[in-house]
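Dear colleague,

Please find the structure below, handed over for your records. My findings follow directly after it.

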Amino acid sequence: VSGKSVSQQTTDANETKKYIHHTVQPGDTLWDIAKLYKGVSVSQIKKLNNIGNVKKLKPGMKIKIEISS
């Protein structure tokens, strides 16, 4: 699927977290993006990507989304 890539990160507790790197498309909002991924909220996306002002979301930006494994 275009605009998405998957990566993994191991934490100190030996838990592996999986991430999707989503490329923002024209017209995307954090709400729209969160709805694409089960169990993901707007606040999780904002926190993981240090997004304080959603108006700075621009097409082409790559944002990290934690997904359930």
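**Fold and findings**

Read from the N terminus, the elements of the protein chain follow the order β-β-α-α-β. Please bear in mind that this is a predicted model. In total, the protein chain holds two helices and three strands. Of its 69 residues, 22% count as buried. Among contacts in the protein chain with a separation of 6 or more, 47% are between residues 24 or more positions apart.

**Nonpolar core**

The largest nonpolar core consists of twelve residues: I20, V24, L30, I33, A34, Y37, V40, I45, I51, L57, I63 and I65. Two elements, α1 (30-36) and β3 (62-67), each contribute at least two residues to this core. The largest share, three residues, is supplied by α1.

One member of the core, Y37, also takes part in a polar contact: its side chain pairs with the side chain of H22 at 2.9 Å. H22 is located in strand β2, which spans residues 16-23. Is H22 buried or exposed? With a relative accessible area of 5%, H22 is buried, because the cut-off for that class is under 20%.

**Largest pocket**

The largest pocket encloses about 180 Å³ of space. Its lining is formed by K38, G39, V40, Q44, I45, K47, L48, K64, I65, E66, I67 and S68. By class, five of these residues are nonpolar, three are polar and four are charged. Both α2 (42-48) and β3 supply at least two residues each to the lining. The pocket and the core have residues in common: V40, I45 and I65 appear in the lining and are also listed in the largest nonpolar core. The strand β3 thus supplies at least two residues to the core and at least two to the pocket lining.

**A backbone feature at N50**

Which residue has a positive phi although it is not a glycine? This is N50, with a phi of about 50°. Most residues other than glycine have a negative phi. N50 is placed in the loop between α2 and β3. With a relative accessibility of 72%, N50 counts as exposed, since that class begins over 50%. H22, by contrast, is buried at 5%.

When you inspect the model, you may wish to begin with the side-chain contact between H22 and Y37, and then turn to the loop that holds N50.

With kind regards

Terms used
Residues are numbered from 1 along each chain as its sequence is written. This is a predicted model: local features need pLDDT of at least 70, side-chain atom pairs count only at pLDDT 80 or more; totals for chains, interfaces and linings use all residues. Side-chain values use heavy atoms; hydrogens and water are left out. A nonpolar core is a set of buried Ala, Val, Leu, Ile, Met, Phe, Trp, Tyr and Cys residues joined through side-chain atoms within 4.5 Å. Buried means under 20% relative accessible area, exposed over 50%, partly exposed in between (1.4 Å probe, protein chains only). Helices (H or I, at least four residues) and strands (E, at least two) are DSSP runs, numbered from the N terminus. A polar contact is a pair of N or O atoms within 3.5 Å; within protein, one must be able to donate a hydrogen and the other to accept it, and residues adjacent in sequence count only if both atoms are side-chain atoms. On a 1 Å grid over the protein atoms alone, a cavity is a set of points where a 1.4 Å probe fits but cannot get out, and a pocket is an open set with protein on both sides within 12 Å along at least five of seven lines; lining residues have an atom within 4 Å of a point. Grid points are joined across faces, edges and corners, and a volume is the space filled by probe spheres set on the points. Ala, Val, Leu, Ile, Met, Phe, Trp, Tyr, Cys and Pro count as nonpolar, Asp, Glu, Lys and Arg as charged, and the others, Gly among them, as polar. Contact means heavy atoms within 4.5 Å.
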